[in-house]
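Please keep the model open in your viewer, with residue selection and distance labels to hand. The tour below moves from stop to stop, saying at each one what to select and what is to be found there.

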Amino acid sequence: MTLIKIRPVKKEDHKEVYKFQCKYSEKESFEKFKKRVRENSSNYLCAFDKKILVGICYGQPSKFDKKSIQLQGIAVHLEKKYARKGIGTKLIKKFENVVKKRGYNRIDLGSADDKKVEKFYLKNKFKPYEIKAKGRNHFLIEKQKVKNYEEGLKQKEKLRNKYHPKEVIFIFEKRIH
Ligand SMILES: CC(C)(COP(=O)(O)OP(=O)(O)OC[C@H]1O[C@@H](n2cnc3c(N)ncnc32)[C@H](O)[C@@H]1OP(=O)(O)O)[C@@H](O)C(=O)NCCC(=O)NCCS
């Protein structure tokens, strides 16, 4: 694979990045997207293979902890040429460097309810510390602390059987030094 370059989003990328975000990560209006990018452009990273946009990773300061950044989305182009080739890992590493330089010491995130994605975060040394059972429109049904991933998987199954929720997700964190 050719060299992947990662840099913060620029104004001229907005339309393309917005389309990519809506396709692979989070859907929102273009106005909301522009506001998100305006407020946190250095925390919105894009990966390019020459001129082709192949990945994004973005976040914003946590509302609950002023030393934490919440990673809100990460996505890599699904084409075979790009998927599972280390682009997501590169994006996370760069994201960690950026937020560290800005004085944060922790990244917090809610994973997709998908073992492939959970494995991706574990591989990148994120630690699961909580699970959340959620209903429609992200309604929180119940949350529980977890000691580790294996225990968390068992707890997830119990919550699924108890509530039949829309999803049960892991919350991960990583301390950055
Ligand atoms: C999660 C995602 C960003 C990973 O990006 P990536 O560039 O493919 O990941 P990397 O190549 O850096 O890391 C690969 C690791 O992730 C996990 N992984 C990724 N895809 C996987 C798959 N299809 N099957 C199993 N494990 C997978 C594995 O741990 C893998 O390591 P391995 O290949 O050594 O087994 C990407 O799959 C994606 O965009 N998914 C859709 C969007 C999404 O769900 N984002 C997360 C929202 S919380």
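A residue is called buried here if its relative accessible area is under 20%, exposed if over 50%, and partly exposed in between. Bear in mind throughout that this is a predicted model.

**The sheet**

Begin with a cartoon view and select the strands, which form an open sheet of 8 in the order E1-E2-E3-E4-E5-E8-E6-E7, with mixed pairing. At its edges you will find strand E1 (4-8) and strand E7 (140-145), each of which pairs on one side only. If you look along the sheet, neighbouring strands are turned by 25° against each other on average, with direction ignored.

Now select strand E4 (residues 68-76) together with strand E5 (residues 106-110), which run parallel and are joined by 3 bridges. Within this pair of strands, Ile69 stands opposite Ile107 in E5.

**Buried charges on neighbouring strands**

Stay on E5 and show the side chain of Arg106, then add Glu173: the two form a salt bridge in which the closest N and O atoms are 2.6 Å apart. Arg106 belongs to strand E5 and Glu173 to strand E8, so this pair ties together parts that lie 67 residues apart in sequence. Are these two residues buried or exposed? Both Arg106 and Glu173 are buried, which by the cut-off given above places each of them under 20% relative accessible area.

**Two further salt bridges**

Move next to Lys162 and Glu142, which also form a salt bridge, with 3.5 Å between the closest N and O atoms. Because Lys162 lies in helix H5 (residues 149-163) and Glu142 in strand E7, the pair ties together parts that are 20 residues apart in sequence. Lys162 counts as exposed, at 54% relative accessibility.

Before leaving this topic, select Asp65, Arg106, Asp108, Glu173 and Arg175 as one group, since salt bridges that share partners join these residues into one network. A search of the whole structure finds 19 salt bridges.

One of them is found by selecting Glu26 and Arg36, whose side chains meet at 2.9 Å, N to O. This pair links distant parts of the chain, with Glu26 in the loop between helix H1 (14-24) and helix H2 (30-39), and Arg36 in helix H2, 10 residues apart. Glu26 is partly exposed, at 28% relative accessibility, whereas Arg36 is buried, with a relative accessible area of 11%.

**Helix H4 and its ends**

Select helix H4 (residues 115-123), which lies across E4, E5, strand E6 (127-134) and strand E8 (167-175), running at about 10° to E8. At the start of H4, a side-chain oxygen of Asp114 reaches to within 2.9 Å of the backbone nitrogen of Lys116. H4 is followed by Lys125, where a backbone torsion check will show a positive phi, near 65°.

Inside the helix, pick out Val117, which is partly exposed with a relative accessible area of 24%. Leaving aside residues up to four places away in sequence, Val117 touches Ser111 and Ala112.

**Asp113**

Step back along the chain to Asp113, which sits in the loop between E5 and H4 and counts as partly exposed, at 28% relative accessibility. Which residues does Asp113 touch, not counting those up to four places away in sequence? They are Glu118, Lys156, Arg160, Glu167, Val168 and Ile169. For distance labels, draw one from the side chain of Asp113 to that of Lys156, where a polar contact of 3.0 Å joins the two, and another to the backbone nitrogen of Val168, which the side chain of Asp113 reaches at 3.1 Å. As a longer ruler, the C-alpha atoms of Asp113 and Lys174, which are 61 residues apart along the chain, are separated by 19 Å.

**The ligand**

Finish by centring the view on the ligand and selecting its surroundings: of the 20 residues around the ligand, Val76, Arg84, Gly86, Gly88 and Thr89 come nearest. Three backbone positions deserve labels of their own. A nitrogen atom of the ligand is 2.8 Å from a polar backbone atom of Ile74, while an oxygen atom of the ligand lies 2.7 Å from a backbone N or O atom of Val76. At Ile87, a polar backbone atom is 3.5 Å from an oxygen atom of the ligand.

Conventions. Residues numbered from 1 in each chain as written. Predicted model: local features only at pLDDT ≥ 70, side-chain atom pairs only at ≥ 80, totals over all residues. Heavy atoms only, no water. Pairing = 2+ DSSP bridges. Helix = DSSP H or I, 4+ residues; strand = E, 2+ residues; numbered from the N terminus. Axes fitted to C-alpha atoms, helices over the stretch in contact; angles between N-to-C directions. Contact = heavy atoms within 4.5 Å. Salt bridge = Lys/Arg side-chain N within 4 Å of Asp/Glu carboxyl O. Buried < 20%, exposed > 50% of the residue type's maximum accessible area, 1.4 Å probe, protein only. Polar contact = N/O pair within 3.5 Å; in protein donor to acceptor, adjacent residues only side chain to side chain. Near = heavy atom within 4 Å.
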